[in-house]
Amino acid sequence: MKKSLAITIFCLLGAVILGLGAYAWRLDSGLERSGRAVSAYGSAAMGEFAGALSRLDGNLRAAGYAADGALRSTLCAGAAAEAASAVTALSSLPYSTQELETLAHYINGAGDFALCLSREAAEGRPLSHSEREALGRVSDAVRDISADTGGIFAALDAGELELDEYGAYGVEGASGTVGTALAELDAALESFPELDYDGAYAHLDASPALLEGLDEVSEGAARLTAARFLEMEPAALEAAGQTGGALACYVFEHDGGRISVTKRGGVVLAANGECPEGGGRLGADEARRAGEEFIASRLEGEFTLIELTEAAGGFKLVFVPLENGVLLLPDRVSLTVGAAAGEVCEYDAADYVMRHCERGALAPELSREEAAAAVNPELSVEAARLALLSSDGGDETLCWEFNCLDGAGERVYVFVDAKMGREVKIELA
């Protein structure tokens, strides 16, 4: 009996061991297959990254030789598209653009510059001497990056480098991986060439216009400004450090929120807090009135609401100054009004502080009727007003903004250059 029981137990234990072994084998095989899939996916992304950079390089160099404006526009547009493809492929690799910041900035900068040149070529403008020199500098830099990146991919393909595991990039002492090779490439790059063009990556003057000529204020004065803005006692605010840069600020905390006041000029840059829950739920009209009252009590001059959208827990509102009948669209101030209690939970005036200044008289050279001739005749114009637009690089254009309806009753906003009479922007509501 005992012998029979022992044999039974032994058989059961054997079955368990065999079962665990089979499970472990399946798990290991599954992990191996998963690892192969991740490796293959990462290798494909690296190949696309290298290929996109190679095509970006080719398009930029060809654009420098193109004498025909239409061809140069096509080549530069292709270069911008390849830059976007390279950034997408880079984001698919187990590294972030923060870890490879200089490399990502080069790719984005080259694409942005190419897009600007494409627009200029499409408008019939030839390359200036400075633009041709700048294109040469960017092209040379991208060519070197493309060659190095191609070498990294070739080494990966030959098994000389391994693709980093996700989350393992940056481990101290690591070597022989794609991540370390890209990090070495990133570290060897100089700063992106300084370019003077109308784009987001141009090195333009970043001095806050609203603070120009204003003196620095003390932390105590900034605390009083913050307290008045929040309608609370100064003692309720606790100093929470300072920020640097062009928009250097004193930062204060209060129960459930923070507020930043610029060191120069003592202007409230941003504030946020918790939106109270409970109570009734406000509608859009009530949120509009709450936002208008808030802006009127804290900022000088006339402001117009240009955007109201429903957001989680409330409404987001965007206001811009209205001066001499012109909407200053670059000088945005945004608010979030809580739907439960109608209180302002967030305030952001960074664009306003950076851009608002005395612009002088803004007068259109074309009448409303002359500018309206550029609007698609299939659109029905319901209203028009003057608006100042800003490009990514900071160039400003005075426009007629036409509020239109299409055949289906959908609202379309068309912006026409008030000097040249050409469409420069179309927004769909």
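This is a working chat about the predicted model shown above.

Colleague: What kind of model is this, and how are residues numbered?
Modeller: The model is predicted: local features need pLDDT of at least 70, side-chain atom pairs count only at pLDDT 80 or more, and totals for chains, interfaces and linings use all residues. Residues are numbered from 1 along each chain as its sequence is written, and side-chain values use heavy atoms, with hydrogens and water left out.

Colleague: What is the mean pLDDT of the protein?
Modeller: The mean is 84, and 85% of the residues reach 70 or more. pLDDT is the predictor's confidence in each residue, from 0 to 100.

Colleague: Where is confidence lowest, and where is it highest?
Modeller: Lowest in α1, at a mean of 61. Highest in β7, at 97. Residues 1–39 have pLDDT below 50, and beyond near neighbours in sequence this stretch has 3 contacts in the model. Contact means heavy atoms within 4.5 Å.

Colleague: Which other stretch stays under 50?
Modeller: Residues 166–173. The model has 13 contacts for them beyond four places in sequence.

Colleague: OK, overall picture. How many helices and strands?
Modeller: 9 helices and 13 strands. Helices (H or I, at least four residues) and strands (E, at least two) are DSSP runs, numbered from the N terminus.

Colleague: How much of the protein is buried?
Modeller: Of the 429 residues, 39% count as buried. Buried means under 20% relative accessible area, exposed over 50%, partly exposed in between (1.4 Å probe, protein chains only).

Colleague: And the accessible surface?
Modeller: About 23,400 Å², with 52% belonging to carbon and sulfur atoms. The areas come from the Shrake-Rupley method with a 1.4 Å probe; for residues, only the protein chains shown count as cover.

Colleague: Which residues have the most contacts inside the largest nonpolar core?
Modeller: F49, L103, V178 and L182, in a core of 50 residues. The elements giving two or more residues to this core are α1 (2–65), α2 (69–92), α3 (101–122), α4 (129–157) and α5 (178–188). A nonpolar core is a set of buried Ala, Val, Leu, Ile, Met, Phe, Trp, Tyr and Cys residues joined through side-chain atoms within 4.5 Å.

Colleague: What does L182 touch?
Modeller: Leaving aside neighbours within four places in sequence, L182 contacts M46, F49, Y95, L100, L103 and I152. Another core lies apart from this one. That other core has 28 residues, among them A227, F229, L237 and V333.

Colleague: V333 is in β8, right? What surrounds that strand?
Modeller: β8 covers residues 333–338, and 6 of its 6 residues are buried. V333, L335 and V337 are on one side; S334, T336 and G338 are on the other.

Colleague: Which strands pair with β8?
Modeller: β6 (residues 314–323) pairs with β8 in the antiparallel sense over 6 bridges. There, V318 has S334 as its bridge partner. β9 (residues 344–348) also runs antiparallel to β8, joined by 4 bridges. V337 stands opposite V344 in β9. Two strands pair if DSSP finds at least two bridges between them.

Colleague: What about the turn between β8 and β9?
Modeller: That hairpin has 5 residues between the strands, and G342 takes a positive phi near 75 degrees.

Colleague: Which residues have a positive phi without being glycine?
Modeller: E231 and N324 are two of them, each at about 55 degrees. Most residues other than glycine have a negative phi. E231 is in the loop between α6 and β1 (238–243), and N324 is in the loop between β6 and β7 (326–328).

Colleague: Are those two buried or exposed?
Modeller: E231 is exposed because its relative accessible area is 63%. N324 is exposed too, at 74%.

Colleague: Back to α6. Which residues are buried there?
Modeller: A222, T225, A226, A227 and F229. Their cover includes β2 (249–254), β3, β4, α7 (284–298) and β9.

Colleague: What is the span of α6?
Modeller: The end C-alpha atoms of α6 (residues 219–230) are 16 Å apart, which agrees with the 16 Å expected for 12 residues. The expected span is 1.5 Å times one less than the number of residues.

Colleague: Last one: where is K263, and is it buried or exposed?
Modeller: K263 is in the loop between β3 (257–262) and β4 (268–272). K263 counts as buried because its relative accessibility is 17%.

Colleague: Which residues does K263 touch?
Modeller: Not counting residues up to four places away in sequence, K263 touches D215, E216, V217, Q242, T243, A248, C249 and Y250. The C-alpha atoms of K263 and L247 are separated by 7.9 Å, with the two residues 16 apart along the chain.
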